[in-house]
Amino acid sequence: MRVGLTGGIGSGKSEVARRLTALGALVIDYDQLAHEVVAAGTPGLAAVVHAFGPTVLGPDGALDRAALAATVFADDGRRQTLNEIVHPLVRERAAALAAAAPADAVVVHDIPLLVENGLAPAFDAVVVVLSGTEVRVRRLVEQRGMSEPAARARMAAQASDADRLTAATHVLMNDGPLADLDSAVDALWADLRQYVAGR
């Protein structure tokens, strides 16, 4: 079973992924893969250097993410070039990991920009984690050290909750205590396992 997992920054998506992993899901973290495919010595890093020049490398030969960000995030064309390098490599690696999973596995693809990139139709189920705007802002300020304006800007740059809900087959609300979220994930897991058993 292929499950897409998404949610806006500060929603608690990472906590849901952690809980699903503990319950037995194979979680494929696309942010982690995006780091792996441009690690030192990879063809992905070579392609990034070819596109943007050696100034995006640190003294150790690894990708200098701050330098790359300064190069691409002010320029839509350069950001698109980076995406055209990284996204196919991430998809290829994710497909390989999913293909190696047992036939009865619940494979969860943790994709922050699932809705923005129109990926929902590729999954048997799409789980969206939602939290209120002010709850998310508070988490980003308190837990990640962002300024309030930076937190709001990051949130505004992502899909709206309405757009996410359009893609969702399952919605997890995360405005309360962690124990409540864990209970909701446990119930979700039971639903997913039942779906797999009935196929």
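pLDDT is the predictor's confidence in each residue, on a scale from 0 to 100, and it is a sensible place to begin, since the model on your screen is a predicted one. Colour the whole chain by this score: the average is 93, and 100% of the residues score at least 70. Where pLDDT is low, the predicted coordinates should not be read in detail. To see the two ends of the range among the elements, select strand β2, residues 26-29, where confidence is highest at 98, and then helix α4, residues 65-72, where confidence is lowest, at a mean of 87.

Next, show the whole chain as a cartoon, in which nine helices and five strands can be picked out. Followed along the sequence, these elements come in the order β-α-β-α-α-α-α-β-β-α-α-α-β-α. Turned along its principal axes, the chain has C-alpha atoms that fill a box of roughly 50 × 40 × 30 Å. The radius of gyration is 18 Å, which agrees with the value near 16 Å that a compact globule of 199 residues would have.

Now select helix α3, residues 43-52, together with helix α5, residues 76-99, whose axes come within 10 Å of each other and cross at roughly 165°. Angles over 145 degrees count as roughly antiparallel, and α3 and α5 are therefore roughly antiparallel to each other. Their crossing is right-handed. To look at the contact itself, show the side chains of Ala47, Val48, Ala51 and Phe52 on α3, along with Gly44, and opposite them Arg78, Thr81, Leu82, Ile85 and Leu89 on α5. Sorted by character, the residues of this contact are seven nonpolar, two polar and one charged.

From there, move further along the chain and select helix α6, residues 133-144, with helix α7, residues 148-156, which pack with their axes 9 Å apart and at an angle of about 125°. That angle makes α6 oblique to α7. The crossing of this pair is, once again, right-handed. On the α6 side, show Thr133, Glu134, Arg136, Val137, Leu140 and Val141, which meet Glu148, Ala151, Arg152 and Met155 of α7. What mixture of residue types makes up the contact of α6 with α7? Colouring these residues by type gives five nonpolar, one polar and four charged.

As a last view, keep both helix pairs on screen, with α3 and α5 roughly antiparallel and α6 oblique to α7.

Technical notes: Residues numbered from 1 in each chain as written. Predicted model: local features only at pLDDT ≥ 70, side-chain atom pairs only at ≥ 80, totals over all residues. Heavy atoms only, no water. Axes fitted to C-alpha atoms, helices over the stretch in contact; angles between N-to-C directions. Helix = DSSP H or I, 4+ residues; strand = E, 2+ residues; numbered from the N terminus. Parallel < 35°, antiparallel > 145°, perpendicular 65-115°, else oblique. Left-handed = near helix turned anticlockwise from the far one by under 90°. Contact = heavy atoms within 4.5 Å. Nonpolar A, V, L, I, M, F, W, Y, C, P; charged D, E, K, R; others polar. Rg over C-alpha atoms; globule rule 2.2 N^0.38 Å.
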